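Q: Please walk me through the strands, sheets and core of this model, one feature at a time.

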Amino acid sequence: MIARTNHESGAADRTVTPPDGRAMADQPRWRQDFPIDAAQDDYVSRRELTKFVVLTSAAFVVGQWWIVLKSLWRTAQPDTAVRIAAVDDLPVGGARTFFYPESSSPRLLVRIGSKSFVAYDQQCTHLLCPVVPDVPSGRLHCPCHNGWFDLASGQVLAGPPQRALPRVHVEVRADGVYATGVDEAAT
Ligand code: FES
């Protein structure tokens, strides 16, 4: 005799055949609690797998669309460049602090060539001590625990810091040096 599970709305797919042929209501408690025969187990698994694959695919598609929309939104943003210095404010090798955006932690602008500037968050990524540029050696130094960063990239060279310094993108324009964005990947 074929009995149907009584707690599944899609019960048509989940038929079981108790070995003694009695109705499900007459079966022992364990049988009622676990009414799916081993023969149907793989079918149930396929259904669950299909559901999993569909949901995962849907989540992937939504994620991709989110990335595309975020990118479009950023592109549509107005120019957020902020003038942070005149070119001649700093000699080659000189540095100054600024805030970008206004509410940020202190940033450090360093002139590394006649027309080359780099800027980073001034706070060390170890325990937030202010870093100091050492232009002749091409590094930034954190004196608190002797951490060192590459001046050209902000990457860690030595010491306890584990993360690069967040980078502020700068552009030299006709009327000065502008901060144009922050490398969010490093923040
Ligand atoms: S705070 Fe910079 S190395 Fe520790």
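Q: Let us begin with one pair: how many bridges join strand E8 to strand E9?
A: Strands, like helices, are DSSP runs numbered from the N terminus (strands E, at least two residues; helices H or I, at least four). Two strands pair if DSSP finds at least two bridges between them. In this predicted model, strand E8 (residues 139–142) and strand E9 (residues 147–150) run antiparallel and are joined by 4 bridges. Within that pair, Arg-139 stands opposite Asp-150 of E9.

Q: What should I know about numbering and confidence before going on?
A: Residues are numbered from 1 along each chain as its sequence is written. As the model is predicted, local features need pLDDT of at least 70 and side-chain atom pairs count only at pLDDT 80 or more, while totals for chains, interfaces and linings use all residues. pLDDT is the predictor's confidence in each residue, from 0 to 100. The protein chain has a mean pLDDT of 83, with 79% of its residues at 70 or more.

Q: Over which residues does pLDDT stay under 50?
A: Where pLDDT is low, the predicted coordinates should not be read in detail. Here that concerns residues 1–12, where pLDDT stays under 50. For these residues the model has 16 contacts beyond four places in sequence; two residues are in contact if their C-beta atoms, placed from the backbone, lie within 7 Å.

Q: To which sheet do E8 and E9 belong, and in what order are its strands?
A: Strands of a sheet pair through backbone hydrogen bonds, either parallel or antiparallel. This open sheet has 4 strands in the order E7-E8-E9-E10, with antiparallel pairing. Its edge strands, E7 (132–134) and E10 (156–158), each pair on one side only.

Q: What is the strand order in the sheet of 6 strands?
A: The order of this open sheet is E3-E12-E11-E6-E5-E4, and the pairing is antiparallel. Strand E3 (82–85) and strand E4 (95–98) are the edge strands, each pairing on one side only. On average, neighbouring strands of this sheet are turned by 35 degrees against each other, direction ignored; the axes are lines fitted to C-alpha atoms, for helices over the stretch in contact, and angles run from 0 to 180 degrees between N-to-C directions.

Q: Which strands pair with E6?
A: One partner is E5 (residues 107–111), antiparallel to E6 over 5 bridges. E5 and E6 form a hairpin with 5 residues between them, and Arg-111 has Phe-117 as its bridge partner in E6. The other is E11 (residues 167–173), which pairs with E6 in the antiparallel sense over 2 bridges. Here the bridge partner of Tyr-120 is Arg-167, and that of Ala-119 is Val-168.

Q: Is E6 mostly covered or exposed?
A: A residue is buried if 20 or more other C-beta atoms lie within 10 Å of its own, exposed if 12 or fewer, and partly exposed in between. E6 (residues 117–121) is mostly covered, with 5 of its 5 residues buried. Across the 187 residues of the protein chain, 19% are buried.

Q: Which strand gives the most to the largest nonpolar core?
A: A nonpolar core is a set of buried Ala, Val, Leu, Ile, Met, Phe, Trp, Tyr and Cys residues joined through C-beta atoms within 7 Å. The largest one has 23 residues, and those with the most contacts inside it include Leu-109, Phe-117, Ala-119 and Val-170. E6 gives the most to this core, with 4 residues. Beyond four places in sequence, the contacts of Val-170 include Leu-109, Phe-117 and Ala-119.
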